[in-house]
Amino acid sequence: MRRGSRNNERVSDIRINPSILAADFVNMQTELGRIASADYVHVDVMDNHFVPNLTFGPQMVERIQATSPVPLDVHLMIDDPERWAPGYAEIGAASVTFHLEAAAEPIALARRLRQIGARAGVAVKPGTPVEGLLDVLDEFDQVLVMTVEPGFGGQSFMPETMPKLRALSDHARAVGSTVWLQVDGGIGESTIAQAAEAGADTFVAGSAVFGADSPDAAIAALRSRAAHAHRH
């Protein structure tokens with residue numbers, strides 16, 4: 001049975017996943033409580049190899065899992081995901097996304113994650129083409145199109161990534177795929193409509209949520225703006 005179902009279809013097919021890279025790490029439990037109206041919490045795992053930064057490991061993610069009011073959407077920006085990704089599914093993450101560029105056998109890994117009980121996601125950097133994913137979309141529950149270069153928070157949204165997102169969206173609709181299309185990087189009220197119009201339905205937002213006076217109000221505003229712009 002898949003985990004994370006309690007918030008998966010909240011109000012609409014639009015999902016807002018705040019990134020804890022923008023949270024106050026010293027007060028993580030309080031910060032997680034501020035985003036209880038979100039669909040997932042986005043957890044960026046970086047290894048200082050695949051990307052030039054270092055964040056959380058399995059032990060920290062397990063503690064976040066134990067205290068979060070919403071399911072975990074774990075994004076692995078790491079080398080050798082075949083070795084490490086299953087462990088994040090085993091500790092209860094609802095969704096585990098690995099990078100296409102780092103995986104030796106992406107389909108086999110996605111099947112393993114699903115077997116454990118997590119949603120299986122695959123991510124692509126801004127410069128990575130998506131044509132190779134089109135015929136195997138059903139092997140994944142989510143495709144993450146990075147709208148910044150992975151590795152750091154606070155970067156500016158890259159509109160040149162939108163044609164890839166639109167190609168994925170058009171193909172998914174043509175073949176009846178239910179894959180979720182996620183964007184991550186520079187997402188806020190000024191950019192979320194552009195991504196939604198291109199076909200995204202799942203949005204990672206950092207400072208736009210955690211930097212707001214009311215994270216709940218920010219989540220609601222982002223969800224409303226995306227729902228209005230989302231192509232049907």
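**A parallel sheet, its helices and its salt bridges**

With a relative accessibility of 9%, Glu-31 counts as buried, because the limit for that class is under 20%. This value, like the others below, comes from a predicted model. Glu-31 forms a salt bridge with Arg-34, and the closest N and O atoms of the two lie 2.8 Å apart. Arg-34 itself is partly exposed, its relative accessible area being 25%. Side chains of opposite charge can pair in this way when their charged atoms come close. The structure holds 8 salt bridges, and two others are taken up below, once the sheet has been described.

The sheet is open and is built from 8 strands in the order 1-8-7-6-5-4-3-2, with parallel pairing. Strand 1 (15-18) and strand 2 (41-46) stand at its edges; each has a single partner strand, so one side of each is left without a neighbour in the sheet. From one strand to the next, the twist averages 25 degrees. Strands of a sheet pair through backbone hydrogen bonds, either parallel or antiparallel. At one edge, strand 1 pairs with strand 8 (residues 202-205) in the parallel sense over 4 bridges, and Asn-17 stands opposite Val-204 of strand 8.

A salt bridge is found beside this pair of strands. The side chains of Arg-15 and Asp-201 meet at 3.2 Å, N to O. Arg-15 belongs to strand 1, whereas Asp-201 lies in the loop between helix 6 (192-197) and strand 8, so the pair ties together parts that are 186 residues apart in sequence. Arg-15 counts as buried at 2% relative accessibility, and Asp-201 counts as buried at 10%.

Helices lie across the strands. Helix 8 (residues 215-229) lies across strand 1 and strand 8, and runs at about 140 degrees to strand 1. Helix 4 (residues 106-116) lies across strand 4 (95-99) and strand 5 (119-124), at about 165 degrees to strand 4. Helix 8 also contributes Arg-225 to a salt bridge with Glu-189, at 3.2 Å from N to O. This pair links distant parts of the chain, since Glu-189 sits in the loop between strand 7 (180-184) and helix 6, 36 residues from Arg-225. Arg-225 is partly exposed, with a relative accessible area of 38%, and Glu-189 is partly exposed at 39%.

Helix 3 (residues 81-90) has as its buried residues Pro-81, Ala-85, Pro-86, Tyr-88 and Ala-89. These cover an arc of only 155 degrees around the axis, and therefore lie on the same side of helix 3. The elements that cover them include strand 2, helix 2 (58-67), strand 3 (72-77), strand 4 and helix 4. Just after helix 3, Gly-92 adopts a positive phi of about 110 degrees.

The nonpolar interior completes the picture. The largest nonpolar core has 63 residues, and those with the most contacts inside it are Ile-20, Val-43, Val-74, Val-96 and Phe-203. Apart from its neighbours within four places in sequence, Val-43 is in contact with Ile-20, Phe-56, Val-61, Ile-64, Leu-72, Asp-73, Val-74 and His-75. A second core of 5 residues is separate, and includes Met-46, Phe-50, Val-51 and Met-77.

Terms used: Residues are numbered from 1 along each chain as its sequence is written. This is a predicted model: local features need pLDDT of at least 70, side-chain atom pairs count only at pLDDT 80 or more; totals for chains, interfaces and linings use all residues. Side-chain values use heavy atoms; hydrogens and water are left out. Two strands pair if DSSP finds at least two bridges between them. Helices (H or I, at least four residues) and strands (E, at least two) are DSSP runs, numbered from the N terminus. Axes are lines fitted to C-alpha atoms, for helices over the stretch in contact, and angles run from 0 to 180 degrees between N-to-C directions. Contact means heavy atoms within 4.5 Å. Buried means under 20% relative accessible area, exposed over 50%, partly exposed in between (1.4 Å probe, protein chains only). The arc is that of the directions from the helix axis to the C-beta atoms. A nonpolar core is a set of buried Ala, Val, Leu, Ile, Met, Phe, Trp, Tyr and Cys residues joined through side-chain atoms within 4.5 Å. A salt bridge is a side-chain nitrogen of Lys or Arg within 4 Å of a carboxyl oxygen of Asp or Glu.
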